[in-house]
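Student: Could you take me through the aromatic rings of this protein, with a close look at how they are placed and what surrounds them?

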Amino acid sequence: GWDNVKPVERHDMQEKPLVSFLLVAYKQERFVREAVQSALAQTYQPLEVVLSDDCSPDRTFEIMKEEAEAYRGPHRVILNQNEQNVGLAENLNRAWQLTHGEFIVIQAGDDLSLPYRTETLVAVWRGPTPVDCVFSDVAIIDADDRHVTDARLGQDPHFVPKSLERAIVSGSCFIWGCSAAYSRTLFTNYGPLNANVLAEDHVLPFRALLDRGVGYCSEVLLKYRSHGANLWYGNRNKRKHSREESKRWAVSEAAVVDEWIKAWDISGRPHDALRETLIRSRRRCAYHIRAHDVCRLMVPILAARGLADGLSLRAAADLVKRHILRIG
């Protein structure tokens, strides 16, 4: 159980800490062999590599197992397959429990880490000003390993780490999780991710801002594979979503806000105006979830109820726009 996970005792800063490299995969048999090989090729030591498959129906786990059994290098390898498919957040929760490192580098089963990725991220994490989350620039490749472009995330205003106030007021606090790594304490202190969260990189950076903050490395350390089946690019950026898919993302948005509120309270911060903003955001999310279960003609009534319940005029108008006009 999660309660049995204990913080790792911090090493002397002159000693290189144990780092965990966590590769999570689901239905990625075409790409996972090369992904695992890139994880095992990391130059940093001491390193443990955790390979976790979320009960893929294809050969993803078998390929991961083949690579683990064939490996003869210095890293410790831990292999895991969930008994049933539990989703991204819960797969991360279960895999994280298998780790022992003070710093956890995350990779998806279709991406490729450059050999010095872990070593470089650790250097940013440790100083000169230690942080609890580090992300880097990435190169974007297609399904056939062809280079598409480089993503300079630190120069993109969507990825510049925000203050807590800016994150809460804007409702946005994320980095590109494919390139990220985190302090172990972000899990041991704040607990497992809500299973409804579809993107951990909307939650863990917020936890980091509550503690020592977010660091950015301008080097390209990972090749992000864009191939149409990605959770983010394959689904989130579709021009049209099914109602079921749209509701799934609405539930995830609410779960993210729940995580922010939980982390805020665990951190010991006061019940002030910023926390009240989070409560209003959670109320807004609840109405968007409800709107998926009513016909369009009922949405104005739902919006009116929301106004009486404390929704702002802008939030009520957004409810109508998204669920009657199907915009956004």
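Tutor: Happily! Let us start with a charge over a ring: the charged end of Arg207 sits over the ring of Phe187, 5.5 Å from its centre. The term applies if NZ of Lys or CZ of Arg is within 6 Å of the ring centre and within 35 degrees of the ring normal. Lys16 offers another case, with its charged end over the ring of Tyr44, 4.6 Å from the centre.

A word on the source: this is a predicted model, in which local features need pLDDT of at least 70 and side-chain atom pairs count only at pLDDT 80 or more, while totals for chains, interfaces and linings use all residues. Residues are numbered from 1 along each chain as its sequence is written, and side-chain values use heavy atoms, with hydrogens and water left out.

Now to rings that meet rings. Searching the whole structure gives five aromatic pairs; rings of Phe, Tyr and Trp (its six-membered ring) pair if their centres lie within 6.5 Å, and planes under 30 degrees apart count as stacked, over 60 as edge-to-face and the rest as tilted. One of the pairs joins Phe103 and Trp125, which are stacked at 4.4 Å centre to centre with 15 degrees between the planes. This pair links distant parts of the chain, as Phe103 belongs to strand S4 (residues 103-108) and Trp125 to helix H4 (residues 117-126), 22 residues apart. Helices (H or I, at least four residues) and strands (E, at least two) are DSSP runs, numbered from the N terminus. Phe103 is buried, at a relative accessible area of 0%, and Trp125 is buried too, at 1%. Here buried means under 20% relative accessible area, exposed over 50%, and partly exposed in between (1.4 Å probe, protein chains only).

Phe135 and Tyr216 make a tilted pair, 5.3 Å centre to centre and 40 degrees between the planes. Distant parts of the chain are again linked: Phe135 is in strand S6 (residues 133-141) and Tyr216 in strand S9 (residues 214-225), 81 residues apart. Phe135 is buried, with a relative accessible area of 0%, whereas Tyr216 is partly exposed at 30%.

For the wider setting, the protein has twelve helices and nine strands, and buried residues make up 50% of its 328 residues. Of the contacts (heavy atoms within 4.5 Å) with a separation of 6 or more, 77% are between residues 24 or more positions apart.
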